[in-house]
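Please open the structure in your viewer and keep the selection tool at hand. The tour below moves from one selection to the next and says at each stop what is there.

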Amino acid sequence: MNYLVAVLPDRIQAEAAYLALEKEGINSTILGKGYKTADEFGLIDPKEQAKKQARLMTIWLVPFGFFAGFTFSLITGLDTFAWAGEIGNHIVGGLLGAASGAMGGVIVGGGVGLLVGSGDALPYRNRLDAGKYLIAVQGSETLTRQATRVLRQFEPENIQGYADTTSV
């Protein structure tokens, strides 16, 4: 499945482009005020992706941090928490390592998810927030090429094609 997304400056141009596509027998979707929202269409919310990435990183880093903290305490033989005893010191070291792993997972996972997890969805969401309209076409490569020819006459601010490689 291929996708084509064009950014148009106002509702009038978006409707004209939609009608021109319809005249050619091409089904399309308008996104913008009064039409489908980004969430309804399925554009990924970068904040949700960041939360998901942070959760995933935390799941991996907390046990690793515990093991690293426990091992560091065991190897160095530091008696940082005298009240805990020898084994307690190692366990506290492990807990501190796990806490560090959790912080790292949230900071790194959330930051990375916010920066790279959104792909092109964030710029499209920003354009929708700025009052622009998107025309989206889904179909074969031939169909999206035909839609590109039709949409170019409306001089869109941006027109981008995507090939969905996940569906086989």
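What follows is a walk through strands, aromatic rings, salt bridges and a few single residues. Keep in mind throughout that this is a predicted model.

**Stop one: the strand β3 and its neighbours**

Begin by selecting strand β3, which covers residues 133-139. Is this strand enclosed by the rest of the structure, and how many of its residues are buried? Six of its seven residues are buried, so β3 is largely enclosed by the rest of the structure.

Now add strand β1, residues 2-8, to the selection; β1 and β3 pair in the antiparallel sense, and seven bridges join them. To see one place where these two strands meet, pick Val-5, which stands opposite Ala-136 of β3.

Next add strand β2, residues 28-31, which also runs antiparallel to β3 and is joined to it by four bridges. Here the residue to click on is Ile-30, whose bridge partner in β3 is Ile-135.

**Stop two: aromatic rings**

The structure holds three aromatic pairs, and this tour visits two of them, beginning with Tyr-35 and Tyr-133. The ring centres of Tyr-35 and Tyr-133 are 6.2 Å apart and their planes stand at 85°, which is over the 60 degrees needed, so the pair is edge-to-face. Which parts of the chain does this pair link? Tyr-35 sits in the loop between β2 and α2 (38-41), whereas Tyr-133 belongs to strand β3, so that distant parts of the chain, 98 residues apart, are linked by the pair.

Switch on a surface display, if your viewer offers one, and compare the two partners. Tyr-35 is partly exposed, with a relative accessible area of 27%, while Tyr-133, at 7% relative accessibility, counts as buried.

For the other pair, select Phe-81 together with Trp-83, whose rings are also arranged edge-to-face, with 6.0 Å from centre to centre and 65° between the planes. Phe-81 counts as partly exposed at 23% relative accessibility, whereas Trp-83, at 69%, counts as exposed.

**Stop three: salt bridges**

How many salt bridges does the structure have? The count comes to three, and each can be selected in turn.

Start in helix α1, residues 11-23, where Arg-11 and Glu-15 lie four residues apart, about one turn of the helix. The two form a salt bridge in which the closest N and O atoms are 3.2 Å apart. Both ends can be checked against the surface: Arg-11 is partly exposed at 36% relative accessibility, and Glu-15 is partly exposed at 30%.

Move on to helix α6, residues 141-152, and select Glu-141 with Arg-145, which form a salt bridge whose closest N and O atoms are 3.0 Å apart. Because Glu-141 and Arg-145 are four residues apart in this helix, about one helical turn separates them. Glu-141, at 48% relative accessibility, counts as partly exposed, and so does Arg-145 at 44%.

The remaining selection is Glu-157 with Lys-132, a salt bridge in which the closest N and O atoms are 2.8 Å apart. Glu-157 lies in the loop between α6 and β4, and Lys-132 in the loop between α5 (121-129) and β3, so the pair ties together parts that are 25 residues apart in sequence. With 40% relative accessibility, Glu-157 counts as partly exposed, and Lys-132 counts as partly exposed at 23%.

**Stop four: two single residues**

Stay with the loop between α6 and β4 (158-163), and select Glu-155, which is found there. What is the phi angle of this residue, which is not a glycine? Glu-155 has a positive phi of about 45°. The residue is also exposed, because its relative accessibility is 67%, and the cut-off for exposed is over 50%.

Finish in helix α3, residues 46-76, by selecting Phe-72. Phe-72 is exposed, with a relative accessible area of 52%. If you then draw a distance from the C-alpha atom of Phe-72 to that of His-90, the line spans 8.2 Å in space, while 18 residues separate the two in sequence.

Conventions
Residues are numbered from 1 along each chain as its sequence is written. This is a predicted model: local features need pLDDT of at least 70, side-chain atom pairs count only at pLDDT 80 or more; totals for chains, interfaces and linings use all residues. Side-chain values use heavy atoms; hydrogens and water are left out. Buried means under 20% relative accessible area, exposed over 50%, partly exposed in between (1.4 Å probe, protein chains only). Rings of Phe, Tyr and Trp (its six-membered ring) pair if their centres lie within 6.5 Å; planes under 30 degrees apart count as stacked, over 60 as edge-to-face and the rest as tilted. Two strands pair if DSSP finds at least two bridges between them. A salt bridge is a side-chain nitrogen of Lys or Arg within 4 Å of a carboxyl oxygen of Asp or Glu.
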